[in-house]
Amino acid sequence: MKKIKMPDTFVIIFFVVIFASLLTYIVPVGKFEMQEVTYVTNTGAEKTRNVPVPGSFSYELDDKGNELKKGIKIFEPGGEVGITNYIFEGLASGDKWGTAVGIVAFLLVVGGAFGIILKTGAVESGIYSMISKSKGSELVLIPVIFILFSLGGAVFGMGEEAIPFAMLIIPIVIDMGYDSVTGILITYISTQIGFATSWMNPFSVAVAQGVSGIPVLSGAGFRIFMWIFFTAFGVIYTIFYARRVKRNPESSIAYKTDAYFRDNFKSEEQANREFKLGHKLIILVLILGMAWVVYGVVKEGYYLPEIATQFVIMGLIAGIIGVTFKLNNMSVNDIATSFRKGAEDMVGAALVIGMAKGIVLILGGTSADTPTILNTILNYVASALSNMSAAFCAWVMYIFQSLFNFFVVSGSGQAALTMPIMAPLSDLVGVTRQVAVLAFQLGDGFTNMIVPTSGILMAVLGIAKIEWGVWAKYQIKFQLILFALGSCFVFFAVFTNFS
C-alpha cells in the first residue's frame, strides 16, 4: 500500500484559509461593549486593560435588521482582507512588537546574525571540543537545559527568546547523536510547559488574574507544584525520546531533514578541528551575549527590537573576530554574504508566520469591540457553559481555551478577551475564578506547541527544517498526554475548591 505523503505546510494553511473563509458565510458577526479594568501586579505597578463587558454581546445587523454575515470576497482592493490577500495582509499585520511583521523581522535579523557566527566555524569547533571532553555524559545536558528554559517560561514568559537559542542548540544536539526534535523539546517545548504552569508569568497568569478580579499571583503554591510535576514529566519524556533516537537515528521524524545539519558537519570532517583562540573568543561573545539578552528581558523589559539588535551586535563582533583570526578563511565580504545566507534560511518560516496570521485576519481579527466571528463563537460557548455542572463546565473551559488558542495565540490577548466572560460565568456555575484562570493558562500554554498560528512555533520549526504537518503528527500524542494530565489538575482544582 502506497504511503500517504504529508501535505506541505503551505498547503495545510491554504485549506485552513478556505475553511475560515467558508465560516464567514455561515457564522454571523458580533461584538461586545468594552470597559477598562485596573489591577495591581506583584511589583506594585498599576495596570489597566480594556476588556469585554459580560453579557454585552450583540450581533451586527444588516439594513433589514437581520444578523450580518460578512462573507469574505476572493479579492479585496484598498488594503482590505480577501481570500487571496491573506499572505500579504498576514505578513504586513501587527507592528514591531509582535505578530506578524515583528516576529518576521526578528527572525530574518537574528537568522542573519547567526549566519555570521556559524560561518566562523566556532560553533562546530566548540561542539567537537565539548563532545571530546564529555565522554558520553552529554545526556546530563538535556535535563539541565530543559529545566532552565521551563523556568524561563514560568518566570518571565520566555517564548520569542527561545528562537535564537534553538538556532544554537539544535545543531549541537544533532552532532551529539540526537535530532532536531530533541533540540525543540529542550528549548521551545520546555518554555511552553513553564508558560502553561506558571505561578508568576506577567504575560499570562498575571493578566488573567488581574482582569478576573482576583489577587495577582494568588494560588502560587498549587501552581508551583504543577510546574514541578509537568517539568519533571517533560524531562523524563525528553530523555527517553533522546535515548531512543540515539539508538536508532532513523526512527526520528526529522532524520531526513536533519541531513542538512549532518552534511554541514561532514563537510568539515577534513578541516582542522582545533579549538583555537579565535573560536574561544566567539564562544565567549555568545555566552556574554546570551547573558545580556536574559538580563535585558528580565530587568529592562527588552523585547523583539532590542533582542534582535543584541544579536546583530554579537554577529558583528563574531565576524570581526573571524576576519582578524582568519577563521574559516573569512574575509570582510564573508560577513555580508553569511548574514544574507542566514536570513535566506529563515524566509520559509517567515512566510508561514504571515500566512498563519492571515487566517485570523480572514475571521475578522481578535478585537472584542469589532464585529467578528470569533466574538460570536466566544458568546456561543459562554451561553452553553451556563447550563453545565461545575466540574464539567471547568473541563469544557479548558477545552475551549485550548481550541481558542488557535485563533488568539497571545497569552495576554487571549486572557483579556476570554477571562472577563469566563470569570463571571464561573461564579454562576459554582467554579472558583481561580479554576477558570487555571483552565485558561493550561489551554493557552500547552496548545502553543502545536497550533500553526503560533509564530514562535513556526519559526522554531523553520530553524529545524521540519514541516508543520510532520510535527503535528508527532506532537499530537504528546498533546493528548498533556491534555489528560491537565484535565486531572483541573478536576482536582474543582474538587478541592482551589481559590
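This passage describes surface patches and aromatic contacts in a predicted model.

Two surface patches were examined, one positive and one nonpolar. The positive patch consists of Arg243, Arg244, Arg247, Lys473 and Lys477. Helices α9 (220–247) and α20 (468–495) are the elements that each supply two or more of these residues. Helix α9 accounts for the largest share of the positive patch, with three residues. Lysine 473 is located in helix α20. With a relative accessible area of 57%, lysine 473 is classed as exposed, because the threshold for that class is over 50%.

The nonpolar patch covers about 370 Å² and is built from Trp292, Tyr295, Ile313 and Ile317. Two or more residues of this patch are given by each of the helices α11 (277–300) and α12 (304–324). Isoleucine 313 belongs to helix α12. The relative accessibility of isoleucine 313 is 36%, so this residue counts as partly exposed. That value also meets the requirement for patch membership, because patches are made of residues with over 30% relative accessible area.

Aromatic contacts were considered next. Across the whole structure, 28 aromatic pairs were found. In one of them, the ring centres of phenylalanine 233 and tyrosine 237 lie 6.2 Å apart and the ring planes meet at 40 degrees, so the arrangement is tilted. Phenylalanine 233 and tyrosine 237 are four residues apart in helix α9, and therefore about one helical turn separates them. Tyrosine 237 has a relative accessible area of 21% and is partly exposed, because only values under 20% count as buried.

Tyrosine 260 and phenylalanine 261 provide a further aromatic pair, with an edge-to-face geometry: the centre-to-centre distance is 5.2 Å and the angle between the planes is 90 degrees. Tyrosine 260 is partly exposed, at a relative accessible area of 31%, whereas phenylalanine 261 is buried, at 9% relative accessibility.

Ring pairs also join a set of phenylalanines into a cluster, which comprises Phe222, Phe225, Phe229, Phe230, Phe446, Phe489, Phe492 and Phe498. By residue range, helix α9 (220–247) and helix α20 (468–495) thus recur in this part of the description: Phe222, Phe225, Phe229 and Phe230 of the cluster fall within the range of α9, and Phe489 and Phe492 fall within that of α20.

Terms used: Residues numbered from 1 in each chain as written. Predicted model: local features only at pLDDT ≥ 70, side-chain atom pairs only at ≥ 80, totals over all residues. Heavy atoms only, no water. Patch = residues over 30% accessible without salt bridge, like charges linked within 9 Å, V, L, I, M, F, W, Y side chains within 5 Å. Areas by Shrake-Rupley, 256 points an atom, 1.4 Å probe, with all protein chains shown as cover. Salt bridge = Lys/Arg side-chain N within 4 Å of Asp/Glu carboxyl O. Lys, Arg positive; Asp, Glu negative; His and termini not counted. Charge placed at Lys NZ, Arg CZ, Asp CG, Glu CD. Buried < 20%, exposed > 50% of the residue type's maximum accessible area, 1.4 Å probe, protein only. Phe/Tyr/Trp six-rings, centres within 6.5 Å; stacked < 30°, edge-to-face > 60°.
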